[in-house]
Structures are given as structure tokens and as C-alpha cells.
Amino acid sequence: MSELSIVMLGAPGAGKGTQAVRIAETHGVPHISTGEMLRGAIAAGSELGRKVKEIVESGALVPDELVVEVIRERLSQPDAQNGFVLDGFPRTIGQAEALDALLAELGRPLEIVLELELAEETAVERMLGRAAEQGRADDTPEVIKNRFEVYRRQTEPLSNYYRSTGILVAIDSSPGMDEVFAEIERVLATLQ
Ligand code: ADP
């Protein structure tokens, strides 16, 4: 089992979640998805869930301080001490800076940021397919459009943020998911 600390970047529907789960299983580290955690909180009706429900369902971002707290708590769990795959976090420069500070405290810097690249049209098709299967409240055409706008404005600048630190690797997400995963594994093998 190897230690691995990874951030997945990419537009909505680019396949971050699918690949993050496979990386996590293969390398024995937890898959940490803020989207899943927030949807879990909403389903459970917790205080956090009540605070974020409307925001998540509109496709906007929940405030940095709320997600940073969720991540701080999650990364302090025993299973995250030997690495993790972060999926959907960070999503703003503020979150990326908070993550850097948190990982510096823990003495475990990020090793790699994988950016999945996919044309918007293809991503939208994949998401509408997923909506039919999973019934996610934010996979309607209108909310999807909003999520792309939010992504372009708030999350895309993270590519440059991580490119400047030299840990960003772009992955073409247009082939099938097995091929994309094989490419990711080739890239990860160069780290060890
Ligand atoms: P996707 O990557 O498919 O857009 P996610 O499951 O990662 O979806 O996120 C779903 C929603 O949860 C986002 O649109 C947003 O409202 C909220 N969310 C998830 N992660 C964050 C985050 N890091 N910061 C703010 N909001 C978040």
C-alpha cells in the first residue's frame, strides 16, 4: 500500500468521481468527496445539511469556511493519515490556500493534482445520463449550466495555481473510463 495525496480537478461531468474511487481502491487511501459529504448531510437533515441544501441544489458553491471545516475534520481521521484522494475540493483559490495551510500543519504536502480534461458537450451528455440513473437534484439542464459557469469563474483558476507549483498533470478524459484510469496509473507510477 502506497502513500498518496492527490487532488482531482476538472469541470462538472469530467469523470473526477469515477476515477477518484478507482484510484482510492487501488492505492488503499480514502476517497474524500465534498459533494458526497454535503449530499449526505442534506439527506441526514443535519445542521450543515440544512445550511447548504438550497445552495447545492442551485449549483452554487457553499461558503469556503463551511467546506474547509468539513475537510479539516475529515483529514484528521485515522484513515486519512497515509494519503487521500480529494474529489471536488478545493474549488476556489481560497480553499486551495486553506488546504495548503492544513497540509503544512499535518506535514504532508500534496503530491499531485490530476486535471481531467473533457469537452463541455461530452460532459453535459454524461451528466444527463447520470441524472437519469441517480436522480441528483443538481443534474438538471439549468443547474448544470450554472455549475459550468461557477466552475469557469471560481474553479478554473486553480489550474494555474497548481501549474505554478509544478504538480499539475492534465489527463484526457475523453476515452473510456478504463483507458483514462490506465493513463492515471502510468502517471502515478512515475511518482514512486
Ligand atoms: P460535480 O463535480 O459533479 O459538479 P460535486 O459532487 O463535486 O459535483 O459537487 C456538487 C455540489 O456540492 C457543488 O455544485 C456545490 O454546490 C457543492 N460543493 C461540493 N464541493 C464543494 C466545495 N469544495 N466548495 C463549495 N461547494 C462545494
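Let us begin with one small residue: Ala 14 has a relative accessibility of 2%, so it counts as buried, a label that calls for under 20%. Keep in mind as you look around that this is a predicted model. Ala 14 sits in the loop that joins β1 to α1. Which residues does Ala 14 contact, leaving aside its neighbours within four places in sequence? They are Leu 116, Leu 118, Arg 126 and Ser 173. You can also see here how folding brings together distant parts of a chain: Ala 14 and Glu 117 are 103 residues apart in sequence, yet their C-alpha atoms are 6.5 Å apart in space.

Now move to helix α6, where you will find Met 127. Is Met 127 buried or exposed? With a relative accessibility of 1%, Met 127 counts as buried. If we set aside residues up to four places away in sequence, Met 127 touches Pro 12, Gly 13, Asp 139, Ile 144, Arg 147 and Phe 148. Thr 140 comes 13 residues away from Met 127 along the chain, and 8.7 Å separates the C-alpha atoms of the two.

Next, take a look at helix α5, which runs over residues 93-106. Its 14 residues, at 1.5 Å a residue, should span 20 Å, and the end C-alpha atoms are indeed 20 Å apart, so the expected and modelled spans agree. Five residues of α5, namely Gln 95, Ala 96, Leu 99, Leu 102 and Leu 103, are buried. These residues cover an arc of only 125° around the axis, which means that they lie on the same side of α5. A general rule helps here: an α-helix has 3.6 residues a turn, so residues three or four places apart point the same way. The covering over the buried residues of α5 includes β1, α4, β3 and α8. On the face turned away from that buried side, you will find the exposed residues Ala 104 and Glu 105. After α5 comes Gly 107, with a positive phi near 70°.

Helix α9 can be read in a similar way. Its 13 residues should span 18 Å at 1.5 Å a residue, and its end C-alpha atoms are 18 Å apart, which agrees. The buried residues of α9 are Val 180, Phe 181, Ile 184, Val 187 and Leu 188. Because they cover an arc of only 120° around the axis, they fall on the same side of α9. Among the elements covering them are β1, α1, β4 and β5. The face turned away from the buried side of α9 carries Asp 178, Glu 179 and Arg 186, which are exposed.

Finally, let us turn to the empty spaces. The largest pocket holds about 1,100 Å³ of space. Its lining has 49 residues, and nearest its centre lie Lys 16, Asp 87, Arg 130, Arg 136 and Arg 147. Elements giving two or more residues to this lining include β1, α1, α6 and α9. By class, the lining of the largest pocket has 21 nonpolar, 17 polar and 11 charged residues.

The second largest pocket has about 150 Å³ of space. Of the 13 residues lining this pocket, Ala 11, Leu 116, Leu 118, Tyr 151 and Glu 156 lie nearest its centre. The elements that give two or more residues to the lining are β4 and α7. Seven of the lining residues are nonpolar, one is polar and five are charged.

Conventions: Residues are numbered from 1 along each chain as its sequence is written. This is a predicted model: local features need pLDDT of at least 70, side-chain atom pairs count only at pLDDT 80 or more; totals for chains, interfaces and linings use all residues. Side-chain values use heavy atoms; hydrogens and water are left out. Helices (H or I, at least four residues) and strands (E, at least two) are DSSP runs, numbered from the N terminus. The expected span of a helix is 1.5 Å times one less than its number of residues. Buried means under 20% relative accessible area, exposed over 50%, partly exposed in between (1.4 Å probe, protein chains only). The arc is that of the directions from the helix axis to the C-beta atoms. Contact means heavy atoms within 4.5 Å. On a 1 Å grid over the protein atoms alone, a cavity is a set of points where a 1.4 Å probe fits but cannot get out, and a pocket is an open set with protein on both sides within 12 Å along at least five of seven lines; lining residues have an atom within 4 Å of a point. Grid points are joined across faces, edges and corners, and a volume is the space filled by probe spheres set on the points. Ala, Val, Leu, Ile, Met, Phe, Trp, Tyr, Cys and Pro count as nonpolar, Asp, Glu, Lys and Arg as charged, and the others, Gly among them, as polar.
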